[in-house]
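This briefing describes the fold of the chains and one contact between helices. Please look over the model before reading the points that follow.

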Amino acid sequence: MSTDLRRARPVALVLGVLAVILAVTAPGFFSRAQLAPFLAGTAPVLVVACGMAVLMVTREVDVSVGSQFALCSVLLGLLLGEGCPPALGIPAAVAAGALLGAVNGALAAGLRLPGLVVTLGTLAIGREALRWAREGRFVQDLPPSVQWLGLGQSLGQWALALAALAVATAVSLGLQGLMAGRWVHAAGSDPAAAATVGVPVRRVTFGAFTLLGALTGLAAALNVARFTDVDPKTGAGLEMQVIAAALIGGVSIEGGRGGILGVSLGVLLLAALSPALVFLGIPPEWERVLQGAIVLASVAGGTRRAPGRPTP
Amino acid sequence: MRRPGIPAPSRETLLAALLIVEGAVFSVTGHGFASLDNVLGLARLACEGGLLALALAPVVLAGGIDLSLGSLLGLSSVVLGLLWRDAGWPWPWAAAGAVACGALGGLVNAVAVARLRANPLIVTLGTLSLFRGLAEALTRGVDTVTGFPAAFLSLGQGALAGGVPVQAPLLAAALAGSWLLVHRHRCGREWRAIGFSAEGALHAGVPVGRRRLQAHLLAGVAAGVAAVVQVSRVGQAKADAGTGMELLAVTAVVLGGTHLSGGQGSIAGTFLGFAVLAVLRNGLQLSDQPAELAGILTGVVLLGVLVLGARRGGQRG
């Protein structure tokens, strides 16, 4: 846990400063009425980011999570519209996500293709196929049983946030405590050495892609529960958001390093930018500028901490 | 698993064959696909993407990547529009300003990658947001600059003698220039060496930092030029110009046989890869197929070529 804490320190510091600024200039931000929808809206992003962090620790990356997210959302919406109960529909969305992740994993780990390029391809295929099938039509009139998981808005918002927190805790514990978690770190920090000591590196990578897909399916379900209809364009740009959150949370793009605590704080920091800008009276168009600047700053910070190391 | 005596076809041959197949199929299915007008029009429409793909090739050859080129095109477009309309610059100066903006953006990537030695994927992921965000912030996301003078619009919409669009000689010059640089100049040799082994290249006396800097700077300039071409073609400067172009450029480069880990690849391959994608889009459109199908097939072609390549030795060791 101690390295996890240390790695999360810079992002925790920035998040703390932002929280103090908000507390002074806009105390309304921390009211229950503001906080609950904020956390509920952040929950799906956190779930995807946890999966992305695990994958990035294995030294891979998946840029197709946005279209996976949209495919699972639309699938769940259509199933619910056909009268399928949520107790069946949500596992179906998770399974569909796992399947999409497994396809990426089979191509990347099975055929040893670079994950970035493979998922660029599946990103385009998924997004365009969905656009073709739906022609921009929303899935409308979702049954009330899935709205806020049937708990009503105020309770449902907290339930979504807690669900995401539970996933993050489970992934964090698994990454640190389970043999599989050690394998993930080993495969990412030195694949050749890991293979020598018997780590099934390619199966670990395949598993990480599949886990990310399953978590993306779950996140889609958490997101569908927040609205009365499903936008087929949902999740556009999600890949950048979660990769950025993982990076500023201390996950190394070169693999082997990263913890869920930092990633969670990274997700919170990026998600807090948009409402913070509103409260501070800055035009919302500056959000992406800030996001980019934060990613660049985390890069500059990271290189300062490891001087003299030649980056191949 | 290569059988002796039968050399595997090179990526360029494969792509040229694919291009011929596309041409044959679309000549039958596409309305007016095989006409001279369409071929010339293709050069007009495809120019910006081609410029980005050709400029991205050296970056990837040197083991880097640039995902920010589409955003930089958008930012440069907005800069062009605002310099002309709000700052009152004459259009040639505004166009030069757009190219300078591209160069500046490329320099940001270049300094972060070459001087701070940061991972190019992260850096350009960050600048992807940064440049697009700046473009949106400058225009508040909704402002579109239109009403450019006719002299400027003729750059993108006009034709030379014989109906050849202005873009055709520009694209040809970019192709020739990048080919000379990559295949006939020490720059190209050194980019390749860096892609194979940055440390090895450093010990062999290659100015690794400077070469990486130049590759990213060149890509930025290309994005600026592409912005000028696009704004003059469509007649408006918008913050969302060039959305998704980075994907198209990366797809073209990888399709062209350039290894993402660096060291291997050719300009001819990149150009053919880009041509396959551009003809696919154009042919499907003329065959009354939905634009989405072109997107799906782009992904399928990319994965297909990768899988075929993997069976012949793989993209990485």
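Helices (H or I, at least four residues) and strands (E, at least two) are DSSP runs, numbered from the N terminus. By that rule, chain A reads α-α-α-α-α-α-α-α-α-α-α-α along the sequence. The model is predicted: local features need pLDDT of at least 70, side-chain atom pairs count only at pLDDT 80 or more, and totals for chains, interfaces and linings use all residues. Residues are numbered from 1 along each chain as its sequence is written, while chains are lettered from A and ligands numbered from 1 in the order in which they are written.

**Chain A overall**
- Chain A has 12 helices and zero strands.
- The radius of gyration (taken over C-alpha atoms) is compared with a globule rule of 2.2 Å times the number of residues to the power 0.38.
- Chain A has a radius of gyration of 19 Å, which agrees with the value near 20 Å for a compact globule of 312 residues.
- The C-alpha trace of chain A spans about 55 × 50 × 35 Å along its principal axes.
- Of the 312 residues in chain A, 52% are buried (20 or more other C-beta atoms within 10 Å of the residue's own, C-beta atoms being placed from the backbone).

**Helix 5 of chain A**
- The expected span of a helix is 1.5 Å times one less than its number of residues.
- For the 20 residues of helix 5 of chain A this gives 28 Å, and the end C-alpha atoms are 28 Å apart, which agrees.
- Helix 5 of chain A is mostly covered, with 14 of its 20 residues buried.
- A:Glu135, just after helix 5 of chain A, takes a positive phi of about 50 degrees.

**Helix 3 against helix 5 in chain A**
- Axes are lines fitted to C-alpha atoms, for helices over the stretch in contact, and angles run from 0 to 180 degrees between N-to-C directions.
- Helix 3 (residues 65-81) and helix 5 (residues 115-134) of chain A pack at an angle of about 35 degrees, their axes 8 Å apart.
- Contacts (C-beta atoms, placed from the backbone, within 7 Å) include A:Leu71 and A:Val74 among the helix 3 residues, and A:Leu123 and A:Leu130 among those of helix 5.

**Chain B overall**
- Chain B has 13 helices and zero strands.
- The radius of gyration of chain B is 20 Å, close to the 20 Å from the globule rule for 317 residues, so chain B is as compact as a globular protein of that length.
- Buried residues make up 56% of the 317 residues in chain B.

Definitions and conventions: Two residues are in contact if their C-beta atoms, placed from the backbone, lie within 7 Å. A residue is buried if 20 or more other C-beta atoms lie within 10 Å of its own, exposed if 12 or fewer, and partly exposed in between; C-beta atoms are placed from the backbone.
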